[in-house]
Amino acid sequence: MGICMLGIDHNRALLDVRALFSFTKKNTAEALEVLREKEGVLGCIILSTCNRMEIWASTVEDWDGSLYDCLLELKGAESGKYREYFVERKEKEAVEHLFYLTCGLKSQILGEDQILTQVKDALALARENFSTDSVLEVLFRMAVTAGKKVKTDVTFSRGNSSVIHQAITMLEDEGFRLQDKTCMVIGNGEMGKVAAQALREAGAYVTVTVRQYRSGMVSIPQGCARINYGERMEYLPQCDLVVSATASPNYTLKKELFQEAVLPSDLRIIDLAVPRDVEPSVGELPEITLYDMDSFRMEGTPEELSQSLEQAGVILNAQMEEFYSWLEGRDLIPRIQEIKADAVQDLNLRILKILNKTPMEEKDREKLLHTIDTAAGKVVNKMIFGLRDTLEKEAFLECVAGLEKVYDE
């Protein structure tokens with residue numbers, strides 16, 4: 001059994017490269033189906049967010065396949081052109097990465113909250129498409145549990161941590177105060193709602209776009225107004241700030257849409273989507289300052305977070321050890337079952353000599369043998385798992401190997 005992953009993130013590639021390898025919910029389902037059919041792949045999960053894309057797989061031992069080649073096949077990309085942007089991790093290195101990732105310690109905004117939900121959603125989507133297996137299921141569930149524990153027990157002294165909060169902080173550092181500003185948020189998905197709520201809490205007047213066919217169904221953050229998506233360009237001249245955060249495969253704001261628009265003298269636009277929502281050439285217009293996901297990088301680790309990181313590390317190490325114990329126990333179960341079957345068969349052969357000489361009905365003899373088999377199996381289980389709970393790991397493994405040799409002879 002092997003665990004491996006292939007990933008690209010904000011530390012290794014700029015937004016436009018990441019966008020080439022991002023997945024929507026629909027094409028994630030299609031990709032999972034293709035990956036699951038690869039020889040030697042037992043389970044797979046795809047995690048695709050604004051800042052990263054990761055393919056996870058559990059495989060047969062010594063699998064000689066390549067997740068990178070699988071990805072190129074899925075995306076129709078050239079083999080040698082993008083290799084430098086990806087990292088591959090296996091076994092313990094991969095497990096450690098996922099645990100630290102899930103609690104936000106590998107995010108662009110350190111300690112941010114959204115990645116925990118994104119990891120849960122990736123697992124849920126894999127379940128829906130029947131592409132996960134027991135190893136990835138337990139790995140991702142334990143990583144989520146560890147992430148929740150870190151969020152509960154460790155205080156990251158950054159307040160609200162998300163890209164939009166980081167953007168607001170940077171804008172304020174530049175002298176752009178949101179108090180009483182007019183803002184429009186294009187998109188009413190999870191990220192759009194977070195953005196709208198954050199802008200509202202910063203004192204801005206916020207209007208959220210909704211698709212016309214959804215206008216009677218969707219909810220928007222309290223205190224925000226709504227307009228139909230088709231009215232965004234008519235409303236834009238009233239805005240001081242526009243945030244676009246959709247899952248659309250097309251641009252929500254194209255340069256040509258601005259040709260006849262009367263723009264404010266200093267309009268800020270923040271594009272929080274991957275792939276991009278806003279055509280990059282929009283940033284060339286003199287009235288507009290355009291930001292994207294990569295505009296809000298946090299360089300280095302703030303000194304005040306060092307203690308929190310140490311506390312998180314202790315929690316994560318304990319949770320990882322629990323996963324490794326489960327994984328090792330899972331691999332031992334077939335060996336233990338075989339030892340138990342051999343021991344019960346050994347007992348049967350010995351006791352049958354006595355039973356055959358004992359006067360009783362055949363049905364009673366069969367019933368007695370069944371009872372003895374069950375009791376013997378329980379005794380063997382109690383013995384082996386008792387050894388596991390009382391011996392050091394290496395000593396226990398030696399005992400299992402020794403018992404196997406007894407019946408191999």
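## Close-up views of a predicted model

**View 1. A lysine meets a tyrosine ring.** In this predicted model, Lys92 places its charged end over the ring of Tyr324, at 4.7 Å from the ring's centre. Another lysine to look for is Lys75, which lies over the face of Phe23, 4.0 Å from the centre of that ring.

**View 2. The four-stranded sheet and its edges.** Here we look at an open sheet of 4 strands, ordered S2-S3-S1-S4 and paired in the antiparallel sense. S2 and strand S4 (87-90) each have a single partner strand and stand at the edges, so one side of each has no neighbour in the sheet. On average, neighbouring strands of this sheet are turned by 15° against each other, direction ignored. Follow strand S1 (residues 2-9) and you will find 4 bridges linking it to S4 in antiparallel pairing. Met5 is a handy landmark here, standing opposite Arg89 in S4.

**View 3. The two faces of strand S4.** In a regular strand, side chains alternate between the two faces of the sheet. On S4, Val87 and Arg89 make up the covered face, while Glu88 and Lys90 belong to the uncovered one.

**View 4. Helix H5 and its surroundings.** Helix H5 covers residues 114-128, and its 15 residues should span 21 Å at 1.5 Å a residue; the end C-alpha atoms are 21 Å apart, in agreement with that expectation. Its buried residues are Gln114, Ile115, Leu116, Val119, Ala122, Leu123, Leu125 and Ala126. An α-helix has 3.6 residues a turn, so residues three or four places apart point the same way. The cover over the buried residues of H5 includes strands S2 (41-48) and S3 (52-59), along with helices H2 (25-36), H4 (91-102), H6 (134-153) and H8 (190-201). Just past the helix, look for Phe130, which follows H5 and has a positive phi, near 55°.

**View 5. Helices across the sheet.** H5 lies across S2 and S3, and runs at about 140° to S2. H6 lies across S1, S2 and S3, with a direction at about 135° to S3.

**View 6. An aromatic cluster.** Phe21, Tyr68, Tyr82, Tyr85 and Phe86 come together in one aromatic cluster. Across the whole structure, a search finds 7 aromatic pairs. Tyr82 and Tyr85 have ring centres 6.4 Å apart and planes at 40°, so this pair is tilted. Are these two tyrosines buried or exposed? Tyr82 counts as buried because its relative accessibility is 13%, whereas Tyr85 is partly exposed, with a relative accessible area of 22%.

**View 7. Two aspartates with positive phi.** Asp62 is not a glycine, yet its phi is positive, about 60°. You will find Asp62 in the loop between S3 and helix H3 (67-75), and its relative accessibility of 71% makes it count as exposed. Asp180, also a residue other than glycine, has a positive phi near 65°. Asp180 belongs to the loop between helix H7 (163-173) and strand S5 (182-186), and counts as partly exposed at 46% relative accessibility.

**View 8. A cis peptide bond before a proline.** Val274 and Pro275 are joined by a cis peptide bond, with omega about 0°. To find your way there, go to the loop between strand S9 (267-271) and strand S10 (288-291), where Pro275 is located.

How values were computed: Residues are numbered from 1 along each chain as its sequence is written. This is a predicted model: local features need pLDDT of at least 70, side-chain atom pairs count only at pLDDT 80 or more; totals for chains, interfaces and linings use all residues. Side-chain values use heavy atoms; hydrogens and water are left out. The expected span of a helix is 1.5 Å times one less than its number of residues. Buried means under 20% relative accessible area, exposed over 50%, partly exposed in between (1.4 Å probe, protein chains only). Contact means heavy atoms within 4.5 Å. Two strands pair if DSSP finds at least two bridges between them. Axes are lines fitted to C-alpha atoms, for helices over the stretch in contact, and angles run from 0 to 180 degrees between N-to-C directions. Rings of Phe, Tyr and Trp (its six-membered ring) pair if their centres lie within 6.5 Å; planes under 30 degrees apart count as stacked, over 60 as edge-to-face and the rest as tilted. A charge sits over a ring if NZ of Lys or CZ of Arg is within 6 Å of the ring centre and within 35 degrees of the ring normal.
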